[in-house]
Amino acid sequence: MIIGRLNDLVESNTVAEKLQSQLLFLKEADFSQATAGRHEINEDLFFFLNEYETKEAEDCFWEAHQKYLDFHFILEGKENIAVDHIENQRVIEAYNAEKDAIFFEGKVNSVITMNPGDVMICFPEDSHMAGVIAEEAQKVRKVVLKVAI
């Protein structure tokens, strides 16, 4: 998992070239007019523009992916994303190739608060639970960039 301010990660130029090019995409793209939903870029790259109200952790879900990396990039609002290693959780729904998702259950032990401009990159071993309330329930607008591994 890689977490940080988008501008700092782009400027540091220490992230692998494939990841760096996707960070630059996020930095240079204008998402202001993008509508909620899936947006295709090419066969190895697409993004979801998500808009939702944050919820209590017990109303959210754990997931991990095998085919795509997740780049969570916050545009508006604030949310907590719970994170853990998949070995620390119990599979409740086996890998579904169509959804590229495995679903888990487990305790929330680590939480990262994400603010506008923050980005988190989740790898296949990173179970994550997005959309959790940070301070108070609020609307979040974010991009989840899906990058083929």
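Where is the place of Asp100? Asp100 sits in the loop between strand S7 (90-96) and S8, and it is one of several residues worth a look in this predicted model. Welcome to a short tour of the structure, which takes in 6 aromatic pairs, a largest pocket of about 600 Å³ and a search for disulfides that finds 0.

**Two residues with positive phi**

- Asp100 is not a glycine, yet its phi is positive, at about 45°.
- With a relative accessibility of 4%, Asp100 counts as buried, because buried means under 20%.
- Glu135 also has a positive phi without being a glycine, and here the value is about 75°.
- You will find Glu135 in the loop between S11 and S12.
- Glu135 is exposed, with a relative accessible area of 72%, whereas Asp100 is buried.

**Aromatic rings**

- A pair of aromatic rings is described by two things, the distance of the centres and the angle of the planes.
- The structure holds 6 such aromatic pairs.
- One of them joins Phe46 and Phe48: the ring centres are 5.6 Å apart and the planes stand at 85°, so this pair is edge-to-face.
- Why does that angle make the pair of Phe46 and Phe48 edge-to-face? The planes are at 85°, and an angle over 60 degrees counts as edge-to-face.
- Within this pair, Phe46 is buried at 5% relative accessible area, while Phe48 is partly exposed at 29%.
- Phe61 and Phe103 make another edge-to-face pair, with centres 5.7 Å apart and planes at 65°.
- Phe61 belongs to the loop between strand S3 (45-53) and strand S4 (62-64), and Phe103 belongs to strand S8 (residues 101-105), so their pairing ties together parts that are 42 residues apart in sequence.
- Phe61 is partly exposed, with a relative accessible area of 49%, but Phe103 counts as buried at 15%.
- Phe25, Phe31 and Phe47 come together as one aromatic cluster.
- Phe46 has a charged partner as well: the charged end of Arg38 sits over the ring of Phe46, 3.6 Å from its centre.

**The largest pocket**

- The volume of the largest pocket is about 600 Å³.
- Its lining is made up of 29 residues.
- Which residues lie nearest the centre of the largest pocket? They are Phe48, Asn50, Phe61, Glu63 and His65.
- Two of these names appeared among the aromatic pairs above: Phe48 is paired with Phe46, and Phe61 is paired with Phe103.
- At least two lining residues each come from S3, strand S5 (68-76), S8, strand S11 (126-132) and strand S12 (139-148).
- S3 gives the most to this lining, with 5 residues.
- By character, the lining residues of the largest pocket divide into 12 nonpolar, 5 polar and 12 charged.

**Cysteines**

- A search of the whole structure finds 0 disulfides.
- Cys60 is in no disulfide, and the nearest cysteine sulfur to it, that of Cys122, is 14 Å away.
- A disulfide needs the two sulfur atoms within 2.5 Å, and the sulfur of Cys122 is 14 Å from that of Cys60.
- Cys60 is buried, with a relative accessible area of 14%.
- For Cys122, likewise in no disulfide, the nearest cysteine sulfur is that of Cys60.
- Cys122 counts as buried too, at 2% relative accessibility.

**Distances along the chain and in space**

- Gly37 is found in strand S2 (residues 37-42), and it is partly exposed, with a relative accessible area of 24%.
- How many residues apart along the chain are Gly37 and Glu51? They are 14 residues apart, and 8.9 Å separates their C-alpha atoms.
- Gln20 lies in helix H2 (residues 17-28) and is buried, with a relative accessible area of 7%.
- From Gln20 to Ala36 there are 16 residues in sequence and 25 Å in space, C-alpha to C-alpha.

Terms used. Residues are numbered from 1 along each chain as its sequence is written. This is a predicted model: local features need pLDDT of at least 70, side-chain atom pairs count only at pLDDT 80 or more; totals for chains, interfaces and linings use all residues. Side-chain values use heavy atoms; hydrogens and water are left out. Rings of Phe, Tyr and Trp (its six-membered ring) pair if their centres lie within 6.5 Å; planes under 30 degrees apart count as stacked, over 60 as edge-to-face and the rest as tilted. Buried means under 20% relative accessible area, exposed over 50%, partly exposed in between (1.4 Å probe, protein chains only). Helices (H or I, at least four residues) and strands (E, at least two) are DSSP runs, numbered from the N terminus. A charge sits over a ring if NZ of Lys or CZ of Arg is within 6 Å of the ring centre and within 35 degrees of the ring normal. On a 1 Å grid over the protein atoms alone, a cavity is a set of points where a 1.4 Å probe fits but cannot get out, and a pocket is an open set with protein on both sides within 12 Å along at least five of seven lines; lining residues have an atom within 4 Å of a point. Grid points are joined across faces, edges and corners, and a volume is the space filled by probe spheres set on the points. Ala, Val, Leu, Ile, Met, Phe, Trp, Tyr, Cys and Pro count as nonpolar, Asp, Glu, Lys and Arg as charged, and the others, Gly among them, as polar.
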